[in-house]
Amino acid sequence: MPDDIVIAAENLAKRYRLGRAPRHDTLRDALAGGARRLARLWRPRDDGAAADEFWALRDITVEVRRGEVLGIIGRNGAGKSTLLKILSRITEPTAGRVSLHGRVASLLEVGTGFHPELSGRENVYLNGAILGMSRAEIRRKFDEIVAFAEVEKFLDTPVKHYSSGMYVRLAFAVAAHLEPEILIVDEVLAVGDHAFQQKCLGKMEQVAGAGRTILFVSHNMAAIQQLCGRVLRLEQGRLAGAGAPGAQIRDYLGASTRSADRVRNLAGEPRGLDLRGGARLLSVALAGSGGPAPWSLSFGEPLRLEFDVELTRAIPTCELGIGLFNLQGQEIVSTLSSWERELGPLEAGRYAFTVEFGVLDLAPGNYRCGVGLKSDRDLEDYLPEACGFEVVPATHGRRPTPTGIRGAIAHQARYSVTRI
Amino acid sequence: MTPALPETLVIEAGRAERHYWRDLWRYRELLGFLAWRDIKVRYKQAVLGVAWAVLQPAVQTVLLTFVFGTLARMPSGGVKYPLLVLTGLLPWQLFSSAFSSAGNSLVGNAQLISKVYFPRLLVPLSALAVALVDLAILLGLTLPILLVSGVAPTWRLAALPVFIAAALLIALGAGLWITALTVKYRDFRFIAPFLLQIGLFVTPVGFRTDFLPNWRDLLALNPLTGVVNGFRWCLLGGDTDFYVQGFLASLVVAALLVGTGLWYFRKTERQFADVI
């Protein structure tokens with residue numbers, strides 16, 4: 001391995017076994033499986049495995065140099081987290097090998113191992129030890145950590161009484177003071193307010209500036225652009241592209257916003273395991289757009305989304321929830337169908353759901369749309385990235401795009417002036 | 001972060017860790033922190049805290065004395081029956097609390113295991129600490145009781161750590177099996193309490209084995225028998241016999257449990273994060 005290569009992964013692959021919805025085997029399954037295996041002795045060709053297998057990662061070969069800040073982007077289920085978990089030794093690859101040169105610290109979640117009953121002070125020590133710091137190291141950096149987190153006054157309060165902001169700040173502060181050669185960070189900026197996110201980014205830039213290697217996963221494209229020197233783009237477990245952040249981000253967004261198909265198929269999208277699955281989003285379309293391409297919308301045009309939904313059983317109540325996110329991963333608009341009216345009860349069958357947003361005055365740029373479908377029981381289906389669209393400046397039409405837009409919404413308020 | 005030396009680490013499919021035991025040593029501070037957390041949380045959360053550690057064995061002493069001493073009239077060999085039961089309960093409590101917390105430890109720390117790397121063996125190991133603290137409290141109360149009852153401590157007390165260690169090893173061995181199996185098969189959550197229920201009666205907690213020569217060898221197959229007898233031998237002074245062969249049998253069974261437990265734990269440990 002050349003001197004400046006700190007991570008070398010060759011043909012990494014990870015297979016998960018899925019299929020049966022309950023993730024935990026019961027003894028009965030194992031016994032039945034044993035009987036099946038026994039039966040297979042007579043029919044050795046039929047291993048029937050492929051059906052409930054799922055390749056979360058395939059043929060990933062990548063080299064990372066010392067001091068590099070590598071971004072990893074991709075849709076949910078593209079294998080980003082699996083890759084990080086393999087590199088941080090939490091899980092084992094099914095095939096392939098990785099050589100890591102140097103100490104690795106991974107921050108896959110903010111506050112791993114925090115115990116709500118323990119005080120802030122105690123949790124700093126506990127969390128530091130879990131992340132791999134020695135007691136002496138934590139003691140040395142303790143004041144710095146507390147100052148970074150801005151929780152001096154509450155050090156001896158159990159963290160269960162902390163606000164979520166304080167909790168996140170303290171947790172990130174501990175992690176930020178690790179000094180590994182390789183730092184692996186997963187989507188930790190999704191939490192915390194804007195000011196704190198900037199502070200975190202600043203800290204990471206500082207860490208990178210000190211010659212450490214960072215692997216950074218985020219849905220926050222602005223942060224990726226700001227921080228990373230190179231970006232890996234994953235698609236369905238495979239490496240879809242690698243290179244300069246700008247081009248990779250464009251390709252990533254393009255996959256959803258630049259598609260030529262007016263209707264985006266959602267049936268095959270990977271989903272979380274905790275869904276009931278009684279209702280399923282089959283497709284989505286951006287309707288009646290005045291934009292130049294199917295997934296674009298001219299500024300000032302009304303936004304309408306159409307969903308094709310299949311219900312496998314009757315549900316007494318139905319609630320559709322939609323969130324629109326900007327490039328930074330911030331939720332700009334949220335809406336629930338129950339605010340307007342009750343959508344249920346619905347018999348089993350296929351339905352078209354239409355959502356009229358009206359004119360939202362979204363500033364030109366890229367947006368991502370997350371959709372959830374709830375029944376009386378629980379979340380039936382959820383896609384954090386159901387589709388993406390681009391708002392393009394309008395050159396003609398009802399309202400030409402104004403200049404000087406800041407923020408996500410260019411709201412045209414009513415003004416009046418009266419002399420008093 | 002793997003503490004110390006920047007070196008090349010190779011991760012490969014299906015390959016056992018070369019540095020397993022060295023890693024375990026490097027993470028020894030984390031072992032201390034996890035144990036400290038468990039102890040702290042246990043005594044912080046429960047209002048009765050220390051009282052819990054005492055109340056349960058106290059009630060059990062009364063019950064077992066009544067059943068075995070008063071109703072069944074088992075021979076006590078000149079020892080006051082409550083003392084016989086109390087000295088039997090000490091190792092039993094140590095074992096059962098160490099075994100059940102080690103058995104639940106991995107699933108109880110699922111969040112940690114799926115989000116950060118460290119040698120997984122630390123989790124069941126740290127679970128033993130709470131049981132030790134409970135034992136220390138009980139022992140601190142038992143010794144004065146023995147003194148007041150006229151049983152003076154002898155030099156044999158010095159041998160007590162040997163039996164404590166033996167009880168912990170047995171609990172660890174059995175706990176490793178249960179906790180690794182529970183990760184994959186949640187059924188084992190229900191099997192552990194069931195085993196403990198049986199254990200209380202096949203272990204000579206409420207009676208003594210030296211008056212049951214016909215059963216002595218059979219009972220010695222239960223590794224805890226030797227430990228319980230050892231505790232009594234240490235604490236009760238001259239009135240008890242120590243069956244050396246029985247304790248050796250305990251040690252053999254304990255070694256087997258720990259050996260196979262470690263083997264199974266290490267065999268399955270690399271998949272914990274995927275199935276937990």
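# Exercises on a predicted two-chain model

In the hairpin formed by β8(A) and β9(A), 2 residues lie between the strands, and A:Gln236 there takes a positive phi near 45°. The model is a predicted one, and the exercises below start from this hairpin.

## Exercise 1. The hairpin of chain A

Determine in which sense β8(A) and β9(A) pair, and over how many bridges.

Solution. Step one is to locate the strands: β8 covers residues 230-235 of chain A, and β9 covers residues 238-243 of chain A. Step two is to read the pairing, which is antiparallel and extends over 5 bridges. Step three is to check one pair of residues: A:Val231 has A:Gly243 of β9(A) opposite to it.

## Exercise 2. A sheet with strands from both chains

State the order of the 4 strands in the open sheet that includes β1(B), and identify its edge strands.

Solution. The order is β2(A)-β1(A)-β4(A)-β1(B), and the pairing is antiparallel. At the edges stand β2 (53-65) of chain A and β1 of chain B, each of which pairs on one side only. Between neighbouring strands of this sheet the average turn is 15°, direction ignored.

The next step concerns the pairing of β4(A) with β1(B). Strand β4, residues 95-101 of chain A, pairs with β1(B) in the antiparallel sense over 5 bridges. Two pairs of residues illustrate this pairing. A:Leu100 stands opposite B:Leu9, and A:His101 has B:Thr8 as its bridge partner.

## Exercise 3. The side of chain B that touches chain A

Find how many residues of chain B are in contact with chain A, and which element of chain B gives the most to that side.

Solution. The count comes first: 31 residues of chain B are in contact with 46 residues of chain A. Four elements of chain B each give two or more residues to this side, namely β1 (8-12), α2 (28-45), α5 (110-115) and α12 (272-275). The most is given by α2(B), with 8 residues. By class, the residues on this side of chain B are 15 nonpolar, 5 polar and 11 charged.

## Exercise 4. A mixed sheet in chain A

Give the order of the 5 strands in the open sheet of chain A that has mixed pairing.

Solution. The strands follow the order β12-β18-β17-β14-β15. The edge strands are β12 (296-298) and β15 (331-336) of chain A, each pairing on one side only. Neighbouring strands here are turned by 25° against each other on average, direction ignored. Within the sheet, β14 (residues 318-325) and β17 (residues 365-375) of chain A pair in the antiparallel sense over 8 bridges. One pair of residues to inspect is A:Leu320 with A:Leu373 of β17(A) opposite.

## Exercise 5. Two helix packings in chain B

Describe how α7(B) is oriented towards α10(B), and then how α6(B) is oriented towards α7(B).

Solution. For the first pair, the axes of α7 (residues 160-184) and α10 (residues 223-236) of chain B come within 9 Å and cross at roughly 160°. Angles over 145 degrees count as roughly antiparallel, so α7(B) is roughly antiparallel to α10(B). The crossing is left-handed. Among the residues of α7(B) that meet α10(B) are B:Phe163 and B:Ile170, and the residues met in α10(B) include B:Val227 and B:Phe231. The contact of these two helices divides into 10 nonpolar residues, 1 polar and no charged.

For the second pair, α6 (residues 122-148) of chain B packs against α7(B) at an angle of about 140°, with the axes 10 Å apart. Helices α6(B) and α7(B) are therefore oblique to each other. Their crossing is right-handed. B:Pro124, B:Leu128 and B:Leu135 in α6(B) meet residues of α7(B), including B:Ile164, B:Leu168 and B:Leu176. This contact has 8 nonpolar, 2 polar and no charged residues.

## Exercise 6. One residue of chain B

Explain why B:Arg266 counts as partly exposed.

Solution. B:Arg266 lies in helix α11, residues 244-269 of chain B. Buried requires 20 or more C-beta neighbours within 10 Å, and exposed requires 12 or fewer. B:Arg266 has 17 C-beta neighbours inside 10 Å and therefore counts as partly exposed. As a further step, the distance from B:Arg266 to B:Leu125 may be read: these residues are 141 residues apart along the chain, and their C-alpha atoms are separated by 14 Å.

Notes. Residues numbered from 1 in each chain as written. Chains lettered and ligands numbered in written order. Predicted model: local features only at pLDDT ≥ 70, side-chain atom pairs only at ≥ 80, totals over all residues. Contact = placed C-beta atoms within 7 Å. Nonpolar A, V, L, I, M, F, W, Y, C, P; charged D, E, K, R; others polar. Pairing = 2+ DSSP bridges. Axes fitted to C-alpha atoms, helices over the stretch in contact; angles between N-to-C directions. Parallel < 35°, antiparallel > 145°, perpendicular 65-115°, else oblique. Left-handed = near helix turned anticlockwise from the far one by under 90°.
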